Amino acid sequence: MPALVNYVGDDFCSGASFYTNSTDLGRLCSISSQADVYGSPCKRSRNIASFSIGESELEQNKQLSIDVLPDECILEIFKRLPGSQERSSCACVSKHWLTLLTSIRKCEYVSSKVAKDNVGSVLDDVEMVSSDEDAGHLTRCLEGKKATDVRLAAVAIGTSGRGGLGKLFIKGSSSSCGVTDFGLSAIARGCPSLKSLSLWNVDRVGNEGLSEIAKECHLLEKLDLCRCPSVSDKGLIAIARNCPNLTTLSIECCPKIGNEGLQAIGKLCPKLMSVTIIDCPLVGDHGVSSLWSSASTVLSKVKLQGLNITDFSLAVIGKYGKSVTNLKLCGLNNVSEKGFCVMGNSLGLQKLVSLMITSCRGVTDASLEAMGNGLINLKQMSLRKCCFVSDNGLLAFAKSVGSLECLQLEECDRITQYGIFGALSNSGLKTLTLVKCMGIKDISLEAPLLSPSSSLKSLFVRNCPGFGAESLAMVSKLCPRLQHLDLSGLYGVTDAGLLPLLESCEAGLVNVSLSGCLNVTDEFVLALTRLHGETLELLNLDGCRKISDASLVAIADNCIFLSDLDVSRCAITDAGVLALSCAEQLSLQVLSLSGCSRVSNKSMPLLKKMGKTLVGLNLQHCKSISSRTIELLVATLWRCDILF
């Protein structure tokens, strides 16, 4: 400043700077906006014509800020910030600063100790970054309009030092401002702790973003790609080369991913344990078979759906799938009967425990028998929409697999009562599920030819209209150890058909569901509570219109351990609710009165009384209960989840 006070000569007017050092510049920039010139307040400013140039320069310099620095300089400053809290604060300043921060890799930050030494004693009280900031404890989920690059960048900065991002789920939308490679690259650079990544419906994310994830996130264990049309084999190959810890891979509706990507995965990911591939048209036999290219493969869970694979792939699985425990095959139209036969006869699936086959034309009686001979440790079998399987194949399969415990048949219309009850008599089944099997007809069978099953504990028959009184009579003779019974959708079932079954269940029924059984009346409920009231825990009578308050009175008198009761769309009134509330031994946790139009506001104090144990209450479509009553119940039963 002496140069300004003791000014002599023409230097000032020549445009040369009169700031002798950076300290003076800082003082000038920080001066109050009310002052025009930096100088001593006791001196009058001289009115010199040439001074207008200096005044203009001063006005310009007063507006200078850190933003005039090149991005390279700002980046160097950001790299030296002492911790994640300071970086988060800087990221809130502007999108430009947020973008700059996300361009810095985690390894490029100067250590907290060095940064603290450089800033001196001013930042002595700054909290240091903890040693476990990259452990990957945090989970973030972005869906719909919230899935944008800006939010991903904020996640990348914000999760640092707070446990580290471990799981990221992105479900995009058709919005034009959705996630792109830029946002995914920000996650890659800022979150090296990422272990699980799910990308759903993100058509603007391609190989570049996925390659950045592969380059930076070497701890990645799970990758889920669904409807990612821009991702091809190149991105998957990058993952395979850089993420050796990958254990779970799921690819669905990705039209550009084919055999090359899967070949790289099979070769370079020795820890891969679970693979799901759905509706990828470029995936064929070479890609699927390459998953078992390594002799030390530990692949245990496999799902293949809607792929253009042939018998060759199933032959490879049957021979080399020595570690496979769960296998799902769906919609494999190019696989013939021979493929399934070879898979079973290869004897390689010794550890297979669960097998689910859906809509596969190659599943016939012959192939089912071959699989039964080879899958000696199979415990769970599900056949859905296998229209070529008949009673003969089912019987041969049940006899071959001695370890089978659970069998599910859905829309297998060639299977009849003969095959079903024959399978029960010739196996150790514990659970049998039948869904929409239209081949079942209510005919009488010769019971002496069939031996009872002492192992079956759960029977689920849903929407099989041919399953009636004769079928129930066979169940009562063959299944004395039943504990779980579900006959939902059997509108032809009556009390007369159910009562013998109730009397034959020696172990005591625990769960009973008769949803949609229109002809069931109070007589059945009275018999049920009388014979099994000491064991019954769940009772579903949804849609049984002939059930009245008498059933609730019987439940209140006889049931001890009942915790879940559904009497939706039944002829229930306030009197029935009163009976339930007066049962001191009853501790209902879930009660559904949906569609009970005769339950009114008078039941509010009764429901409050039961609210001591209730955690779920369904009052939807109860027209006689006012909104005011609902509001009072919601306020009173704060521990209970109320649907209205």
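Here "partly exposed" means a relative accessible area between the 20% below which a residue is buried and the 50% above which it is exposed. The views below come from a predicted model.

**View 1. A salt bridge between two loops.** Glu405 falls into that middle class, partly exposed, because its relative accessible area is 25%. Its side chain meets the side chain of Lys430 in a salt bridge, 3.9 Å from N to O. Glu405 sits in the loop between helix H17 (391-400) and S11, while Lys430 sits in the loop between helix H18 (417-425) and strand S12 (431-435), so the pair ties together parts that are 25 residues apart in sequence. Lys430 is partly exposed too, at 40% relative accessibility.

**View 2. A salt bridge between two strands.** Here we look at Arg384 and Glu410, whose closest N and O atoms are 2.9 Å apart. Arg384 belongs to strand S10 (residues 380-384) and Glu410 to strand S11 (residues 406-410), so this pair ties together parts 26 residues apart in sequence. Arg384 is partly exposed, at 24%, whereas Glu410 is buried, at 13%. The structure holds six salt bridges.

**View 3. A salt bridge within one helix.** Arg628 and Glu631 both lie in helix H25 (residues 627-636), three residues apart, which is about one turn of the helix. They form a salt bridge, with 3.6 Å between the closest N and O atoms. Arg628 counts as exposed, with 53% relative accessibility, and Glu631 as partly exposed, with 48%.

**View 4. An aromatic pair.** A search of the whole structure turns up one aromatic pair. Phe169 and Trp200 meet edge-to-face, 5.1 Å centre to centre, with 75° between the planes. The pair links distant parts of the chain: Phe169 is in strand S2 (residues 165-171) and Trp200 in strand S3 (residues 196-200), 31 residues apart. Trp200 is partly exposed, with a relative accessible area of 31%.

**View 5. A buried histidine.** His532 is found in helix H21 (residues 522-532). With just 2% relative accessibility, His532 counts as buried. Setting aside neighbours within four places in sequence, its contacts are Leu502, Cys505, Gly508 and Leu509.

**View 6. The covered side of helix H22.** Helix H22 (residues 549-558) has several buried residues, among them Leu552, Ala554 and Ile555. H21 helps to cover the buried residues of H22, and so do strand S16 (538-540), strand S17 (564-566) and helix H23 (574-581).

Conventions: Residues are numbered from 1 along each chain as its sequence is written. This is a predicted model: local features need pLDDT of at least 70, side-chain atom pairs count only at pLDDT 80 or more; totals for chains, interfaces and linings use all residues. Side-chain values use heavy atoms; hydrogens and water are left out. Helices (H or I, at least four residues) and strands (E, at least two) are DSSP runs, numbered from the N terminus. Buried means under 20% relative accessible area, exposed over 50%, partly exposed in between (1.4 Å probe, protein chains only). Contact means heavy atoms within 4.5 Å. Rings of Phe, Tyr and Trp (its six-membered ring) pair if their centres lie within 6.5 Å; planes under 30 degrees apart count as stacked, over 60 as edge-to-face and the rest as tilted. A salt bridge is a side-chain nitrogen of Lys or Arg within 4 Å of a carboxyl oxygen of Asp or Glu.
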